[in-house]
Amino acid sequence: MKILFLGDVMGRAGRAAISEHLPRLREAWRLDFVVVNGENATSGVGLSGDHAKALLDAGADVITLGDHAFDQKDMLTFIANEPRIIRPLNFSKAAPGAGARVFTAPGGRKVLVAQVLGQVFMKRPFDDPFSALDALLRQYPLGGQVSASLIDIHCEATSEKMGVGHFCDGRASIVVGTHTHVPTADVMILPGGTAYQSDAGMCGDYNSVIGMEKTEPMRRFVTGMPKARFTPAMDEATLSGLYVETDDRTGKALRVQMVRQGGRLSPAGPE
């Protein structure tokens, strides 16, 4: 199966990159399944229902969220009626929606998609991601009920993301990090057959400070004092993510490749 994961969509520029590039990539790379992290797609803080629809219409099969899952209040009701949106598995038990679901790819193949939030350096305490994943992966073993599985680990610390990767090695097809908005160079297939990257990066304007227009973040770094709100950078965005080919029989990764399309970063992809 050919699976594409795209990192945090950042504001209008990120949405434009998805709309511009994803339909072309689905056809050119003959993608079977696409997952997009959309938690910053609306003004850099959360995801609205309208913008969720736009990402799905552009070719996303599933949208994952993150710690900003419900910053746009309409998502509280929208997610209850849209099963293609996944909020964190270890979020509040009172939160609407689901943290994991099984979806159907072409040919009737089943794909598990889940997201967990990390605990290290995060502003809020969340439930243990490891126990949540352990129970889930026991329920949906590779080569059994699912042909492939993708885990989006949304957290600050690369060490925690690596811990999740090794914890899931051989039990998930893909473990990919989000949240820090910077693509890491550690793309690999782990010994047990799991494709891994500490952070997929963002789909946003990289002439920025993690997707935000530079002036206000730089002012705060230099002076320690805020003056204005952060606003998303608006120049051409780079679509950043991870391309993985999996074995339908075992669910293990056969090939993994960084993805960068458009914008300022050097291009990369499976072609």
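Is T64 buried or exposed? T64 is buried, with a relative accessible area of 0%; buried means under 20% relative accessible area, exposed over 50%, and partly exposed in between, with a 1.4 Å probe and protein chains only.

Before the tour continues, note that this is a predicted model, in which local features need pLDDT of at least 70 and side-chain atom pairs count only at pLDDT 80 or more, while totals for chains, interfaces and linings use all residues. Residues are numbered from 1 along each chain as its sequence is written, and side-chain values use heavy atoms, with hydrogens and water left out.

**Stop 1: T64 and its surroundings**

Select T64, which is found in strand β4. Strands (E, at least two residues) and helices (H or I, at least four) are DSSP runs, numbered from the N terminus. Now display the residues that T64 touches, among them F5, V35, I86, V113 and D152, not counting residues up to four places away in sequence. Contact here means heavy atoms within 4.5 Å. Next, select N37: its side chain makes a polar contact with the side chain of T64 (3.4 Å). A polar contact is a pair of N or O atoms within 3.5 Å; within protein, one must be able to donate a hydrogen and the other to accept it, and residues adjacent in sequence count only if both atoms are side-chain atoms.

**Stop 2: the open sheet**

Select β4 (residues 62-64) together with β5; the two run parallel and are joined by two bridges. Two strands pair if DSSP finds at least two bridges between them. Within β5, I86 stands opposite T64. Widen the selection to the open sheet of six strands, in the order β5-β4-β3-β1-β13-β14, with mixed pairing. Its edge strands, β5 (85-86) and β14 (253-261), each pair on one side only.

**Stop 3: strand β9**

Which residues of β9 point one way, and which the other? I174, V176 and T178 point one way, V175 and G177 the other, and all are buried. Because five of the five residues of β9 (residues 174-178) are buried, this strand is largely enclosed by the rest of the structure.

Add strand β8 (residues 148-154), which pairs with β9 in the parallel sense over five bridges. Here L150 of β8 stands opposite I174 in β9. Finally, select strand β11 (residues 195-197), which pairs with β9 in the parallel sense over three bridges. Y196 in β11 is the bridge partner of V175.
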